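Me: I would like to learn how to read a model of this kind at the level of single residues. Could we go through it feature by feature, with the general idea put before each case?

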Amino acid sequence: MSAPFLVVPVAIAILQHGLHASWSAWLGFSYVSVFSMFLGFFAWYHGLAIGGVARVSQMQLLQPFLTIFASALFLQEQITMFTIAIALLVLIMVALGKKATIRSSIKPI
């Protein structure tokens, strides 16, 4: 939806600066484009179909915190107590959401 609004600023930036990136940057961009953004959706939607959208989609809320913890493990980033507290709060909400009763709002004809 934002593409029509971004065409002009992106074109101006490309004309001014060009498309300069290392091979590793282009390789990373290609990986994210093909695997994460295209093929990964098949696995994600299949998981949603198996487990139910309401329950499985709650797991998506944990992704930012798993990324934060992975950055601490692999990149030696600092994790604050505030980050841990918020992660625990989100984890509790996800657990409560997974145990919640799901009622269908679709009425049979």
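Reply: Let us begin with accessibility: a residue is called buried when its relative accessible area is under 20%, exposed when that area is over 50%, and partly exposed in between. Please keep in mind throughout that this is a predicted model. Ala100, in the segment after helix 5, has a relative accessible area of 34%, so Ala100 is partly exposed. The C-alpha atom of Ala100 is separated by 9.5 Å from that of Ala54, although these residues are 46 apart along the chain.

Me: What is the average pLDDT of the protein chain, and which elements have the lowest and highest mean values?

Reply: The pLDDT is the predictor's confidence in each residue, from 0 to 100. The protein chain averages 85, and 92% of the residues score at least 70. Among the elements, helix 1 (residues 3–17) has the highest mean, 93, whereas helix 3 (residues 53–56) has the lowest, 78.

Me: Which residues make up the largest nonpolar core, and which helix gives the most to it?

Reply: In soluble globular proteins, nonpolar side chains tend to be buried together. Here the largest nonpolar core has five residues, namely Leu62, Phe65, Ala87, Val90 and Val94. Helix 5 (residues 81–99) gives the most to this core, with three residues. If residues up to four places away in sequence are not counted, Leu62 touches Val90, Leu91 and Val94.

Me: Is Leu88, which also lies in helix 5, buried or partly exposed?

Reply: The relative accessibility of Leu88 is 47%, which falls between the two cut-offs, and therefore Leu88 counts as partly exposed. Between Leu88 and Phe65, which are 23 residues apart in sequence, the C-alpha to C-alpha distance is 9.4 Å.

Me: Which residues form a nonpolar patch on the surface, and how much accessible area do they have together?

Reply: The patch is formed by Tyr31, Val32, Val34, Phe35, Met37, Phe38, Leu39, Phe41, Phe42 and Tyr45, which together have about 1000 Å² of accessible area. Phe41 can serve as the worked case: this residue is found in helix 2 (residues 23–51), and because its relative accessibility is 33%, Phe41 counts as partly exposed.

Me: What does Gly47, which also lies in helix 2, touch beyond its neighbours in sequence?

Reply: Once residues up to four places away in sequence are set aside, Gly47 touches Gly52 and Val56. Gly47 has a relative accessibility of 25%, so it counts as partly exposed. The C-alpha atoms of Gly47 and Ser57, which are 10 residues apart along the chain, are separated by 9.3 Å.

Me: How should I read a phi angle, and what is the value for Gln76?

Reply: Most residues other than glycine have a negative phi. Gln76, in the loop between helix 4 and helix 5, has a phi near 55°, a positive value in a residue other than glycine. Gln76 is exposed because its relative accessible area is 57%.

Me: Which residues does Ser71 contact, and is Ser71 buried or exposed?

Reply: Ser71, whose place is in helix 4 (residues 63–75), is in contact with Gln76 and Glu77, leaving aside its neighbours within four places in sequence. At 18% relative accessibility, Ser71 falls under the 20% cut-off and therefore counts as buried, whereas its contact partner Gln76 is exposed.

Methods: Residues are numbered from 1 along each chain as its sequence is written. This is a predicted model: local features need pLDDT of at least 70, side-chain atom pairs count only at pLDDT 80 or more; totals for chains, interfaces and linings use all residues. Side-chain values use heavy atoms; hydrogens and water are left out. A nonpolar core is a set of buried Ala, Val, Leu, Ile, Met, Phe, Trp, Tyr and Cys residues joined through side-chain atoms within 4.5 Å. Buried means under 20% relative accessible area, exposed over 50%, partly exposed in between (1.4 Å probe, protein chains only). Helices (H or I, at least four residues) and strands (E, at least two) are DSSP runs, numbered from the N terminus. Contact means heavy atoms within 4.5 Å. Patches are made of residues with over 30% relative accessible area and no salt bridge: like charges are joined within 9 Å, nonpolar side chains (Val, Leu, Ile, Met, Phe, Trp, Tyr) within 5 Å. Accessible areas come from the Shrake-Rupley method with a 1.4 Å probe; for residues, only the protein chains shown count as cover. A salt bridge is a side-chain nitrogen of Lys or Arg within 4 Å of a carboxyl oxygen of Asp or Glu.
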